[in-house]
Amino acid sequence: MGRNIVEKIVAAHLVGGSMVPGEEAALRIDQTLTQDATGTMAYLEFESMGLDRVKTERSVAYIDHNTLQSGFENADDHRYIQSVAKKHGIWFSRPGNGICHQVHLERFGVPGKTLIGSDSHTPTAGGLGMLAFGAGGLDVAVAMGGGAYYITMPKVIKVELSGALRPFVTAKDVSLEILRILSVKGGVGYVIEWGGEGVKTLSVPERATITNMGAELGATSSIFPSDEQTRKFLQAQGREGDFVPLASDPDAKYDRVIEIDLSALEPLIACPHMPDNVVTVSSLKGTKVDQVCIGSCTNSSLLDMLKAAALLKGRTIAPGVSLSVSPGSKQVLTMLADSGALSDILASGARLLECACGPCIGMGFSPNSGGVSLRTFNRNFLGRSGTADARVYLVSPETAVASAITGEITDPRTLGLDKIEVSLPERFKIDDSAVLPPASPEEAAEVEVLRGPNIKELPQGRALGDSVSAELTLKLGDNITTDHIMPAGAKILPYRSNIPKLSEFCFGVCDSSFPERAKAAGQSIIVGGANYGQGSSREHAALVPLYLGVRAVIAKSFARIHAANLVNAGILPLTFKDPADYDALKQGDRLALCGIDAGLESGTVYLQAGERRMELSCAFSPRQRAILRAGGLLNYTKEGHR
């Protein structure tokens with residue numbers, strides 16, 4: 001039987017476990033990336049392992065999240081990351097060089113290779129034919145040290161594309177269409193493999209937009225073939241030598257096939273407050289718009305920016321609209337400036353922001369109170385923009401520009417243009433001066449790692465034992481995101497390397513009294529609904545609850561990365577066998593988990609809540625069971641395991 005693309009890459013990198021769906025597979029990792037909101041922790045964890053140098057083919061540290069320097073904290077973290085990268089063999093992308101996923105696609109991604117990154121949108125590199133995963137920082141640290149990355153072998157969904165996109169219909173609309181079909185939990189346990197004749201019509205930047213938003217499906221990863229479009233992109237980046245053709249075999253098997261006719265799509269929009277709340281743009285015609293943001297790792301490529309510039313040329317944004325534009329990289333910004341397209345953008349009244357994540361993570365440019373903000377981003381979770389009552393919609397750059405011009409949600413097909421003529425250059429402008437190489441092994445011993453006062457010690461996990469008696473300190477509903485658990489934003493992100501301070505904001509979106517109650521309880525249990533922990537890969541959403549004494553999280557179901565991060569932190573992620581048991585629990589209940597040690601082997605742990613005895617599922621691999629018994633992955637690794 002032939003193999004699909006996912007099976008081919010996994011087979012070439014399998015160092016342990018099995019390729020049987022549902023079983024654990026251990027993969028050799030070729031490349032890693034970090035960004036500064038999660039990277040500080042990853043490097044503190046790497047240092048704690050006592051290793052001198054990374055063992056990957058390429059590891060890159062990017063500064064793209066915490067670039068707003070209103071105090072010393074972010075600048076100190078950047079200095080720490082730069083020094084630790086230099087010492088341990090990691091390339092360092094300086095602030096202003098661009099968003100990690102955009103830069104990695106341009107300069108470092110290689111078809112057929114494996115990549116993990118401490119950011120949930122690392123699968124963006126799947127647009128280039130990489131098998132790329134978002135992961136917690138500790139998993140990245142272990143991979144940098146030469147350890148395997150462990151995943152549950154996923155099933156594979158094939159999305160068969162036919163036709164071609166019509167004018168003003170974009171890759172972003174393809175992303176929103178698959179979210180409409182599958183929902184934010186429909187990709188859990190799957191890799192999405194894109195294929196069909198329609199794939200040939202999509203450039204690498206368009207493919208990267210689609211694989212980027214696969215994270216919102218809950219998918220393990222997303223991937224495109226490596227074909228002539230891939231070769232052309234790498235050639236234009238001066239990296240044709242990295243090209244490797246990659247395609248599924250004609251008789252490859254899939255667990256599900258979804259067909260999408262690109263020529264049948266129209267402009268789509270995700271309404272507040274979930275990426276799968278998708279309707280047509282035309283259905284919201286006339287809705288007043290206050291703010292428009294173009295950028296993020298989803299839509300900040302040169303192709304996206306040139307399209308936005310072409311639509312803005314000779315036009316002025318509506319008086320009541322504030323428009324921001326954030327190019328994805330220094331390369332994109334430089335080429336916009338050299339071509340004159342940047343002048344067209346600025347002449348419209350747009351505000352140019354730094355080549356960074358910026359508004360996507362609430363790092364500046366928050367909407368006005370109660371405002372409607374259209375964003376070319378990947379997430380519109382409640383409060384993520386930095387304004388609690390803002391209504392955030394997700395759109396393509398073309399829809400964003402059309403709406404900025406008219407002041408209301410507008411289908412770009414109604415602007416009176418047949419199409420816009422934009423194409424990628426035959427040669428991108430190459431300038432890697434803002435990517436600093438590490439010191440040689442001989443020089444590394446002399447490099448001093450610089451730590452500021454905001455960098456605190458890691459919280460320490462402790463062995464579970466056979467029972468836990470604790471208060472149910474917080475009960476939550478479905479689709480709780482990592483933004484709910486550990487919010488981002490300009491006020492909070494500077495404390496990413498200071499877990500004690502960061503803990504003050506834990507679950508602040510849901511219940512601001514939680515941190516104090518958790519501390520008073522000493523140890524506690526959290527209960528959640530379906531798809532608990534969706535969204536970002538930030539391991540802080542596990543490390544901060546660990547610091548606050550959370551010993552277990554019981555939910556109807558978990559998002560993949562967050563469940564792995566909980567295990568890594570030594571916190572038990574358990575699921576209800578009977579959904580009715582969720583309804584029987586209330587905040588403040590005194591709970592007792594019994595028979596944990598035996599339950600780790602049998603797959604069932606018992607929860608006593610008053611007179612009610614409940615069965616909870618705890619299906620873990622042998623390795624995960626050992627990690628939990630050790631009190632977390634860091635303790636397990638220090639015992640000599642990789």
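Which residues touch the most other members of the largest nonpolar core? In this predicted model, that core holds 104 residues, and those with the most contacts to other members are Phe507, Phe514, Ile526, Tyr532, Leu572, Leu585 and Leu593. Helix H5 (residues 137-144) gives the largest share of the core, six residues. Apart from this core lies another one of 46 residues, among them Leu105, Ile294, Leu302 and Met335. In soluble globular proteins, nonpolar side chains tend to be buried together.

Phenylalanine 507 shows what surrounds one of these core residues. Leaving aside neighbours within four places in sequence, phenylalanine 507 is in contact with Leu474, Leu476, Ile480, His484, Ile485, Ser512, Phe514, Ile526 and Tyr532. Phe514, Ile526 and Tyr532 also appear among the core residues that touch the most other members.

**Overall form**

The protein has 22 helices and 27 strands. Its C-alpha trace spans about 70 × 55 × 55 Å along the principal axes. For 642 residues, a compact globule would have a radius of gyration near 26 Å, and the 23 Å found for the protein agrees with this. Of the 642 residues, 63% are buried. Among contacts with a separation of 6 or more, 77% are between residues 24 or more positions apart. The exposed surface comes to about 21,700 Å², with 49% supplied by carbon and sulfur atoms.

**The barrel**

Seven strands form a closed barrel in the order S21-S22-S23-S24-S27-S26-S25, with mixed pairing. On average, neighbouring strands of this sheet are turned by 40° against each other, direction ignored. Within the barrel, strand S23 (residues 550-555) and strand S24 (residues 572-576) run parallel and are joined by four bridges. One bridge pairs alanine 552 with leucine 572 of S24. Leucine 572 is also one of the residues that touch the most other members of the largest nonpolar core.

**Two enclosed helices**

Helix H7 (204-212) is largely enclosed by the rest of the structure, because nine of its nine residues are buried. The buried residues include charged and polar types as well as nonpolar ones: Val204, Pro205, Glu206, Arg207, Ala208, Thr209, Ile210, Thr211 and Asn212. Their cover includes helix H4 (100-107), H6, S10, strand S11 (221-223), helix H8 (228-236) and H9.

Helix H9 (302-312) is also largely enclosed, since ten of its eleven residues are buried. These are Leu302, Leu303, Asp304, Met305, Leu306, Lys307, Ala308, Ala309, Leu311 and Leu312. They pack against H7, S15, strand S16 (322-325), helix H10 (330-339), helix H11 (341-347) and helix H12 (397-406). Leu302 of H9 is also listed in the core of 46 residues. After H9 comes glycine 314, with a positive phi near 80°.

**A buried threonine**

Is threonine 32 buried or exposed? Threonine 32 counts as buried, because its relative accessibility is 1%, under the 20% limit. This residue is found in strand S3 (residues 31-35). Beyond its neighbours within four places in sequence, threonine 32 is in contact with Thr56, Arg58, Ser59, Val60, His104, Leu115, Ile116, Val140, Ala143 and Met144. Val140, Ala143 and Met144 fall within the residue range of H5.

**Backbone exceptions**

Most residues other than glycine have a negative phi, and most peptide bonds are trans. The table gives two serines with a positive phi.

| Residue | Phi | Loop | Relative accessible area |
|---|---|---|---|
| Serine 183 | near 80° | between helix H6 (171-182) and strand S10 (190-195) | 23%, partly exposed |
| Serine 296 | near 80° | between strand S15 (291-294) and helix H9 (302-312) | 1%, buried |

Which of these serines is buried? Serine 296 is buried because its relative accessible area is 1%, whereas serine 183, at 23%, is partly exposed. The loop of serine 296 leads into H9, and the loop of serine 183 follows H6.

The other backbone exception is a peptide bond. From proline 272 to histidine 273 the bond is cis, with omega near 0°. Histidine 273 lies in the loop between strand S13 (268-270) and strand S14 (278-280).

Definitions and conventions
Residues are numbered from 1 along each chain as its sequence is written. Side-chain values use heavy atoms; hydrogens and water are left out. Two strands pair if DSSP finds at least two bridges between them. Helices (H or I, at least four residues) and strands (E, at least two) are DSSP runs, numbered from the N terminus. Axes are lines fitted to C-alpha atoms, for helices over the stretch in contact, and angles run from 0 to 180 degrees between N-to-C directions. Buried means under 20% relative accessible area, exposed over 50%, partly exposed in between (1.4 Å probe, protein chains only). The radius of gyration is taken over C-alpha atoms; the globule rule is 2.2 Å times the number of residues to the power 0.38. Contact means heavy atoms within 4.5 Å. Accessible areas come from the Shrake-Rupley method with a 1.4 Å probe; for residues, only the protein chains shown count as cover. A nonpolar core is a set of buried Ala, Val, Leu, Ile, Met, Phe, Trp, Tyr and Cys residues joined through side-chain atoms within 4.5 Å.
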